[in-house]
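The exercises below are meant to be worked with the sequence and the coordinates side by side. Each task is followed by a solution that proceeds step by step.

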Amino acid sequence: MKALIIYHSQQHGNTGKMAEAVAEGFGDGATLWNTNEKRFDVTKVPGYDCIAVGTPDYFSYMAGTLKTFMDDIYIAERNGVKGITGKRVVLFLSHGGGGRAKESFEKLFNRLGDVVGETVESVGSPDASVLDACKALGKTLAARL
Ligand SMILES: Cc1cc2nc3c(=O)[nH]c(=O)nc-3n(C[C@H](O)[C@H](O)[C@H](O)COP(=O)(O)O)c2cc1C
């Protein structure tokens with residue numbers, strides 16, 4: 001089974017640490033992709049069984065590169081790419097104490113498919129309990145396949 005762990009991480013690497021823990025929890029078959037480094041070709045999404053998405057809170061919204069990811073998905077579907085949505089999805093979020101991006105993040109990424117589990121949140125650098133919650137999120141993603 002293949003999972004795409006797609007995230008934006010830039011400022012401190014906080015969201016990236018969470019993504020690595022989700023991938024560890026999922027086990028073999030997880031691909032990590034930081035959209036801050038490179039745009040993801042959404043025509044490759046049908047090759048994955050499930051998706052984990054992580055963002056930092058930027059001005060009480062998700063990072064722009066993840067909004068672009070969803071924009072690309074919408075356009076690809078309109079252009080006839082099949083199997084791009086309808087996935088199992090889990091979400092994680094890093095913020096500096098505001099965390100107001102959660103609602104809009106969850107609402108937009110509901111479009112990807114069936115969101116399972118609760119969004120895992122970290123204030124600043126993820127501590128051991130946040131990383132454990134991220135590993136559990138990865139296990140949840142794998143268990144639901
Ligand atoms: C441009 C920018 C805007 C931010 N806006 C918010 C915000 O509105 N609320 C908040 O709680 N944190 C905000 N932060 C803090 C980040 O969400 C936080 O540092 C996060 O852990 C960074 O993740 P990263 O290290 O993976 O890039 C902002 C950071 C940046 C760089």
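**Exercise 1.** Decide whether Ser 60 is buried, partly exposed or exposed, and then do likewise for Phe 59.

*Solution.* The model is a predicted one, and the classes rest on counts of C-beta neighbours: 20 or more within 10 Å make a residue buried, 12 or fewer make it exposed, and counts in between make it partly exposed. Ser 60 has 13 C-beta neighbours inside 10 Å and therefore counts as partly exposed. Phe 59 has 10 such neighbours inside 10 Å, so it counts as exposed. As to location, Phe 59 lies in the loop between E3 and helix H2 (64–78), and Ser 60 is likewise found in the loop between E3 and H2. The backbone deserves a look as well: Phe 59 has a positive phi of about 55 degrees although it is not a glycine, and the phi of Ser 60, also a residue other than glycine, is positive and near 65 degrees.

**Exercise 2.** Determine which strands pair with E1, and in what sense they run.

*Solution.* Begin with the surroundings of E1 (residues 3–7): four of its five residues are buried, so this strand is largely enclosed by the rest of the structure. Next, take strand E2 (residues 30–34), which runs parallel to E1 and is joined to it by five bridges; within this pairing, Leu 4 stands opposite Thr 31 in E2. The chain passes from E1 through H1 to E2, and the β-α-β crossover formed in this way is right-handed. Finally, turn to strand E3 (residues 50–56), which pairs with E1 in the parallel sense over five bridges, with Ile 5 standing opposite Ala 52 in E3.

**Exercise 3.** Compare the exposure of Ala 23 and Ala 136, and trace the contacts of Ala 23.

*Solution.* Ala 23 is found in helix H1, and because it has 21 C-beta neighbours inside 10 Å, it counts as buried. Leaving aside residues up to four places away in sequence, Ala 23 touches Ile 5, Ala 30, Leu 32 and Gly 138. Ala 136 belongs to helix H4 (residues 128–143) and, with 17 C-beta neighbours inside 10 Å, counts as partly exposed. Although Ala 136 and Gly 25 are 111 residues apart along the chain, their C-alpha atoms are separated by 6.0 Å. By contrast, Ala 23 and Met 70 are 47 residues apart in sequence, and their C-alpha atoms are 21 Å apart in space.

**Exercise 4.** Describe the shell around the ligand by its residues, their classes and the elements that supply them.

*Solution.* The shell comprises 20 residues, of which the closest are Ser 9, Thr 15, Pro 56, Gly 96 and Gly 98. Two elements give two or more residues to this shell, namely helix H1 (14–26) and strand E4 (87–95), and the largest share, three residues, comes from H1. Sorted by class, the shell has three nonpolar, 16 polar and one charged residues.

**Exercise 5.** Judge whether the radius of gyration of the chain agrees with that of a compact globule.

*Solution.* A compact globule of 145 residues would have a radius of gyration near 15 Å, and the chain has 14 Å, which agrees. The C-alpha trace spans about 40 × 30 × 25 Å along its principal axes, and 40% of the 145 residues are buried. Among contacts with a separation of 6 or more, 79% are between residues 24 or more positions apart. The chain holds four helices and six strands, following the pattern β-α-β-β-α-β-α-β-β-α along the sequence.

Note on methods
Residues are numbered from 1 along each chain as its sequence is written. This is a predicted model: local features need pLDDT of at least 70, side-chain atom pairs count only at pLDDT 80 or more; totals for chains, interfaces and linings use all residues. A residue is near a molecule or strand if its C-beta atom, placed from the backbone, lies within 6 Å of it. Ala, Val, Leu, Ile, Met, Phe, Trp, Tyr, Cys and Pro count as nonpolar, Asp, Glu, Lys and Arg as charged, and the others, Gly among them, as polar. Two strands pair if DSSP finds at least two bridges between them. A crossover is right-handed if, with the strands pointing away from the viewer, the path from the first strand over the helix to the second runs clockwise. The radius of gyration is taken over C-alpha atoms; the globule rule is 2.2 Å times the number of residues to the power 0.38. Two residues are in contact if their C-beta atoms, placed from the backbone, lie within 7 Å.
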